[in-house]
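Subject: Structure handover

Hi,

Here is the structure I said I would pass on, with my notes underneath. Have a look at it first, then read on.

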Amino acid sequence: MKKLLAHIPIAVIGGLVYMGIEILWRGHTHWTMGMLGGVCFALIGLLDEWQDHPPMLLQMVQGAAIVTALELLVGLIVNRWLGWDVWDYSDMPGNLWGQVCPQFAAAWLVLSWAAVKLENLMHKWLDSG
């Protein structure tokens with residue numbers, strides 16, 4: 001449990017980074033994106049620990065799958081059920097209910113590499129203090 005709680009600051013920073021990326025990309029963000037980004041960032045980082053340092057490509061594929069699955073789940077809740085219209089990929093080819101699309105799943109693959117590297121650096125920094 002203590003190890004899991006140690007990931008809370010990492011999740012907060014990951015959520016803030018995610019919101020910053022979204023502001024740069026779309027010009028705006030939503031608090032739910034900070035929550036989703038933080039959870040995804042922490043889970044991607046935990047892959048390395050749960051699986052005893054798997055190859056980077058595997059972590060990237062798993063990270064992209066985690067983000068895409070959670071984006072679909074959260075999208076169905078906040079966009080379709082609650083009607084908040086936080087994002088809409090309906091104009092993207094191959095989209096699923098306007099919540100996920102292959103183009104962004106590929107982007108998550110690349111961003112997962114950055115998340116693994118950043119999360120590892122954050123662990124070194126937090127563990128040394």
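Let me start with a question: is Asp48 buried or exposed? Asp48 is buried, because its relative accessible area is 9% and the cut-off for buried is under 20%. Before I go further, please keep in mind that this is a predicted model.

Asp48 sits in helix H3. Leaving out residues up to four places away in sequence, Asp48 touches His53, Pro54, Gln59 and Asn120. There is a long-range neighbour to look at too: Asp48 and Val116 are 68 residues apart in sequence, yet 7.9 Å apart in space, C-alpha to C-alpha.

Now for H3 as a whole. The helix has 20 residues and spans 28 Å from its first C-alpha to its last, close to the 28 Å expected at 1.5 Å a residue. Of those 20 residues, 14 are buried, so H3 is largely enclosed by the rest of the structure.

After H3 comes Asp52, which has a positive phi, near 55°. Asp52 is not a glycine despite that phi, and its place is the loop between H3 and H4. Asp52 counts as exposed because its relative accessibility is 62%. Asp85 is another one to click on: it has a positive phi of about 50° and is not a glycine either. You will find Asp85 in the loop between H4 and H5, and it is exposed, with a relative accessible area of 62%. If you go through the backbone angles, those are two residues to look at.

Next, the core. In soluble globular proteins, nonpolar side chains tend to be buried together. Here the largest nonpolar core has 20 residues, and the members that touch the most others are Met33, Leu36, Trp87 and Trp108. Two or more residues of this core come from each of helix H2 (8-26), helix H3 (31-50), helix H4 (56-81) and helix H5 (102-128).

Take Met33 from that list. Beyond residues up to four places away in sequence, its contacts are Tyr18, Met19, Glu22, Val86 and Trp87. A glutamate appears among them, so what surrounds Glu22? With the same sequence neighbours left out, Glu22 touches Gly27, His28, Thr29, His30 and Met33. Glu22 and Met33 are 11 residues apart in sequence, with their C-alpha atoms 8.4 Å apart.

Glu22 belongs to helix H2 and is buried, its relative accessible area being 10%. Glu22 also has a charged partner. Side chains of opposite charge can pair when their charged atoms come close. Glu22 forms a salt bridge with Arg26, and the closest N and O atoms are 3.5 Å apart. The count for the model comes to 1 salt bridge. Both residues lie in H2, 4 residues apart, about one turn of the helix. An α-helix has 3.6 residues a turn, so residues three or four places apart point the same way. The two ends of the pair differ in exposure: Glu22 counts as buried at 10% relative accessibility, whereas Arg26 counts as partly exposed at 30%.

Over in helix H4, have a look at Ile66. Not counting residues up to four places away in sequence, Ile66 touches Leu43 and Leu47. The C-alpha atoms of Ile66 and Phe41 are 9.7 Å apart, with their positions 25 residues apart along the chain.

On the outside, which residues make the nonpolar surface patch of about 820 Å²? Trp31, Met35, Leu73, Ile77, Trp81, Leu82 and Trp84 make it. H3 and H4 each supply at least two of the patch residues, and H4 gives the largest share, with 3 residues. One of the patch members, Ile77, is in H4. Ile77 is partly exposed, because its relative accessible area is 35%.

That is what I have so far. If you only have a few minutes, I would open the model at Asp48, which is buried in H3, and then go to the Glu22 and Arg26 salt bridge in H2.

Cheers

Notes
Residues are numbered from 1 along each chain as its sequence is written. This is a predicted model: local features need pLDDT of at least 70, side-chain atom pairs count only at pLDDT 80 or more; totals for chains, interfaces and linings use all residues. Side-chain values use heavy atoms; hydrogens and water are left out. A nonpolar core is a set of buried Ala, Val, Leu, Ile, Met, Phe, Trp, Tyr and Cys residues joined through side-chain atoms within 4.5 Å. Buried means under 20% relative accessible area, exposed over 50%, partly exposed in between (1.4 Å probe, protein chains only). Contact means heavy atoms within 4.5 Å. Patches are made of residues with over 30% relative accessible area and no salt bridge: like charges are joined within 9 Å, nonpolar side chains (Val, Leu, Ile, Met, Phe, Trp, Tyr) within 5 Å. Accessible areas come from the Shrake-Rupley method with a 1.4 Å probe; for residues, only the protein chains shown count as cover. A salt bridge is a side-chain nitrogen of Lys or Arg within 4 Å of a carboxyl oxygen of Asp or Glu. The expected span of a helix is 1.5 Å times one less than its number of residues.
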